[in-house]
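Please examine the structure below together with its sequence. The paragraphs that follow lead from one buried position to the overall fold, the nonpolar cores, the aromatic rings and a loop residue.

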Amino acid sequence: MPCPRRRAVVTATGGRAPVGHGIRTRHARLARVRQGNGREAATVSKIGKGHPLKHRALDLAAGAVQRKYPLEAMSTYLNGFHLYAHDMGRQVEATHFCFHLRHDLHQCVIFDRNAPDARLIGIEYLIGEERFRGLPADEKRLWHSHHYEVKSGILTAPGILDMAEHAYFEDLVTTYGKTFHTWQYDRDDFPYGIPQLMMGFTGDGQAADELIQARDEELGVSTSRKRQKRADIPTPEVAQGANVWESGRTVQTRVEELDFKR
């Protein structure tokens, strides 16, 4: 589909566009900024209950005037599930907000859900197959493939039209992710402990049906329907070294006491 032509600011003869056009453009930009600031202020106000008055005032002021460029760059909202790298029985829902930092690198922050009072639970980096195949063997052990998450419909982009989502996942199906959760919210309502390495599902029968069903009902999506619609996406050959837990041995972070270097 050809892209619509953007209205030029400079005329074909090299002269400037009419003054009115520039004024309208600036007004439109200002309106978008004000609209965004208004939504942000409303959100900050909603989650500020119980905070000291001075903290609420600072939060509201910061929300109204400060630009958060990395947050503004986040263009993709994904929902899926992760399992702890050492324990198939521990599975949690993961809401990702990502932006495309480089052509072969996405970076995401992960929350337990998409809500103003959501808990920040981790981070994930996504890379392409070529970059993954070039990683050292020890580094590959930290990464998981996305082939099954995409093909099964478990990974979804809520609210996106099917055609656009399908095109996005045609690219994502060949990527690999490295994920650490900093909040074990399946155990405690507080971020105790050290970051935990997480993995993704690679086959049928691994993900808990009740988790998927609850997610589908909450977001108004159908995992089975998405699976059918993605049947035409080619399943890539998974590169050796990913999904290390499938071998029966895995890796996980732990606390180690060391001598302090002066």
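**A guided reading of the model**

Asn243 is buried, its relative accessible area being 3%; buried stands for under 20%, exposed for over 50% and partly exposed for the range in between, with a 1.4 Å probe and protein chains only. The residue belongs to the segment after helix H9 (223–229). Although Asn243 is not a glycine, its phi is positive, at about 55 degrees. Most residues other than glycine have a negative phi.

The model is predicted: local features require pLDDT of at least 70 and side-chain atom pairs pLDDT 80 or more, whereas totals for chains, interfaces and linings use all residues. Residues are numbered from 1 along each chain as its sequence is written, and side-chain values rest on heavy atoms, with hydrogens and water left out.

The chain contains nine helices and seven strands, taken as DSSP runs numbered from the N terminus, with at least four residues for a helix (H or I) and at least two for a strand (E). Of its 262 residues, 37% are buried. Where contacts (heavy atoms within 4.5 Å) join residues at least 6 apart in sequence, 62% of them link residues at least 24 apart. The exposed surface of the chain is about 17,000 Å², with carbon and sulfur atoms supplying 55%; these areas come from the Shrake-Rupley method with a 1.4 Å probe.

In the interior, the largest nonpolar core comprises 14 residues. Such a core is a set of buried Ala, Val, Leu, Ile, Met, Phe, Trp, Tyr and Cys residues joined through side-chain atoms within 4.5 Å. Strands E1 and E7 (196–199) each contribute at least two residues to this core. Phe81 is among the residues with the most contacts inside it, as are Ile154 and Phe201. Beyond four places in sequence, the neighbours that Phe81 touches include Val92, Ile154, Phe201, Ile212 and Arg215. A second, separate core has eleven residues, among them Cys108, Val150, Val173 and Ile233.

The structure also holds five aromatic pairs. Rings of Phe, Tyr and Trp (its six-membered ring) pair when their centres lie within 6.5 Å; planes under 30 degrees apart are stacked, over 60 edge-to-face, and the rest tilted. Tyr77 and Phe97 are stacked, at 5.3 Å centre to centre and 15 degrees between the planes. Because Tyr77 lies in strand E1 (residues 76–84) and Phe97 in strand E2 (residues 87–102), this pair ties together parts 20 residues apart in sequence. Ring pairs also join Tyr77, Phe97 and Phe111 in a cluster. In addition, the charged end of Arg90 sits over the ring of Tyr84, 3.7 Å from its centre; the criterion is NZ of Lys or CZ of Arg within 6 Å of the ring centre and within 35 degrees of the ring normal.

Finally, Thr175 occupies the loop between helix H7 (162–172) and strand E6 (176–181). Thr175 is buried, with a relative accessible area of 8%. Its C-alpha is 5.5 Å from that of Ile127, although 48 residues separate the two in sequence. The side chain of Thr175 makes a polar contact with the side chain of His146 at 2.8 Å. A polar contact is a pair of N or O atoms within 3.5 Å; within protein, one must be able to donate a hydrogen and the other to accept it, and residues adjacent in sequence count only if both atoms are side-chain atoms. A polar atom of the Thr175 side chain also lies 2.6 Å from the backbone oxygen of Leu172.
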